[in-house]
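Dear colleague,

I am passing on the structure below, and I would be glad if you would keep it open beside this message while you read. My notes on what was found in it follow directly after it.

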Amino acid sequence: MSAAVSFKVPTPQGPRPVTVSYTRVGDGAPLVLLHGIGHHRQAWDPVVDILATEREVIAVDLPGFGASPALPDGVTYDLPSTRAVLGALFEALELDRPHVAGNSLGGLLALELGHAKLVRSVTALSPAGFWSEAERRYAFGVLLTMRRISRQLPLPVVERMARTAAGRTALTSTIYARPSRRSPEAVVAETLALAGATGFDATLRAGAAVQFTHDIPGIPVTVGWGTRDWLLVRRQGVRAKQIIPRARLVRLPGCGHCPMNDDPALVARVILDGSR
C-alpha cells in the first residue's frame with residue numbers, strides 16, 4: 001500500500017509539519033527501509049517481495065527525495081534533525097522500535113537510529129560516514145556529477161538510453177555492478193528522482209562534516225559491503241567493524257553500491273538474518 005503521513009517535528013521556532021511518503025506491505029515484525037541520497041524507495045523493489053514473506057515492510061521516501069516533500073523551514077538535513085524526523089515518523093505510523101535497514105545515506109541513518117535506541121536491529125549496506133576525507137571528496141564529486149547529468153539530459157534521451165543495456169550501464173554503473181539487470185522503467189524513474197531531489201544539495205552539504213564514531217551496544221548490527229562498490233569502497237567496512245566491534249560484517253560478492261538490484265536473494269537473506 002502506498003500512502004503518505006504528516007506529523008509535527010519540534011524546532012526552536014515551534015513545531016513544523018513534515019510529510020513522508022511510504023509503502024507498506026507484508027506481515028510480521030515491522031522493518032523500515034531507508035534509501036540513499038538522490039534515490040527513492042523504489043531502490044528496494046528487488047527485495048521487497050522477498051522480505052514481505054517474513055516482515056511487515058515499510059519502504060520510506062526520505063524528506064526531499066522521491067515523493068516526499070522537502071523539509072520545512074527550520075528543520076535541517078543534518079543527522080540530529082533527520083533522526084528526530086524518523087523517530088516522529090515511527091510514532092506517526094505506530095511503530096514501536098522497528099527493525100531498520102538502510103543503504104548508503106540510509107545506512108548511516110539506520111546506524112544513527114540504532115545508536116539512539118529507536119530500533120530493534122540495524123542492517124546497513126555500504127553506509128556513509130566511514131570514509132577518509134579523500135574518499136568523501138571523491139564520493140561527493142561522483143554524486144555531484146551524477147546529479148548534474150541527470151538534470152541536463154532531456155527525458156527522451158534518458159528513455160532512449162534506458163532501453164539498451166549499454167545505456168543503462170552509462171546511466172547507473174556507478175551504483176550498480178549489474179546495471180543491465182535494472183529495468184528500463186526503473187532506470188528512467190531513478191534518473192528523474194535524482195534530478196528532482198529537493199533535499200539533495202542540503203543533505204550533501206550536511207554530510208561534509210559527518211563521521212560515524214559511535215559503538216552501538218545492545219542491538220544486533222549487520223554491515224554489508226559489496227565487493228564491487230566503487231562509490232564507497234569496501235575498506236570502509238573494515239573501519240565500520242573497528243568502530244562497532246560487535247557488528248556482523250558481511251561481504252556481498254559481485255555487488256555494487258546499491259546491492260539490492262545486483263543480488264536480491266543475498267541481500268534479502270542478510271537483512272532477514274540481521275533482523276531475527
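A good place to begin is strand β4, where V57 is the bridge partner of V25. V25 belongs to β2 (residues 16–25), and β2 and β4 run antiparallel, joined by four bridges; here two strands are said to pair if DSSP finds at least two bridges between them. Helices (H or I, at least four residues) and strands (E, at least two) are DSSP runs, numbered from the N terminus. A further contact in β4 is I58, the bridge partner of R24.

Before going further, please note that this is a predicted model, in which local features need pLDDT of at least 70 and side-chain atom pairs count only at pLDDT 80 or more, while totals for chains, interfaces and linings use all residues. Residues are numbered from 1 along each chain as its sequence is written, and side-chain values use heavy atoms, with hydrogens and water left out.

The strands

Strand β4 also pairs with strand β3 (residues 29–34), this time in the parallel sense and over six bridges, with A29 standing opposite R55 of β4. Together with helix α1 (residues 45–51), β3 and β4 make a right-handed β-α-β unit, where right-handed means that, with the strands pointing away from the viewer, the path from the first strand over the helix to the second runs clockwise. Five of the six residues of β4 are buried, so this strand is largely enclosed by the rest of the structure; buried means under 20% relative accessible area, exposed over 50%, and partly exposed in between, with a 1.4 Å probe and protein chains only.

On the N-terminal side, β1 (residues 2–9) and β2 run antiparallel and are joined by eight bridges, and the bridge partner of S2 in β2 is T23. The hairpin of β1 and β2 has six residues between the strands, and G14 in this hairpin takes a positive phi near 110 degrees.

Further along the chain, strands β7 (residues 221–226) and β8 (residues 248–252) run parallel and are joined by five bridges. The chain passes from β7 through helix α9 (residues 235–243) to β8 in a β-α-β crossover that is right-handed. W225 has R251 as its bridge partner in β8.

The chain as a whole

The protein chain holds 11 helices and eight strands. Its radius of gyration is 17 Å, close to the 19 Å that the globule rule gives for 276 residues, so the chain is as compact as a globular protein of that length; the radius is taken over C-alpha atoms, and the rule is 2.2 Å times the number of residues to the power 0.38. Along its principal axes the C-alpha trace spans about 45 × 40 × 40 Å, and buried residues make up 55% of the 276 residues.

The largest pocket

The largest pocket contains about 670 Å³ of space. On a 1 Å grid over the protein atoms alone, a cavity is a set of points where a 1.4 Å probe fits but cannot get out, whereas a pocket is an open set with protein on both sides within 12 Å along at least five of seven lines, and lining residues have an atom within 4 Å of a point. Of the 43 residues that line the largest pocket, those closest to its centre are G36, I37, G38, H39 and L143. Helix α4 gives the most to this lining, with six residues.

Single residues

Two residues other than glycine may catch your eye for their positive phi. E94, with a phi of about 55 degrees, is found in the loop between α2 and β5 (99–103) and is exposed, with a relative accessible area of 73%. S126, with a phi near 45 degrees, is found in the loop between β6 (122–125) and α4, but S126 is buried, with a relative accessible area of 1%.

F65, placed in the loop between β4 and α2, counts as buried at 2% relative accessibility. E112, in helix α3, counts as buried at 5%, and its C-alpha atom is separated by 8.6 Å from that of H214, although the two residues are 102 residues apart along the chain.

With best regards

Conventions
Points joined across faces, edges and corners; volume = space filled by probe spheres on them.
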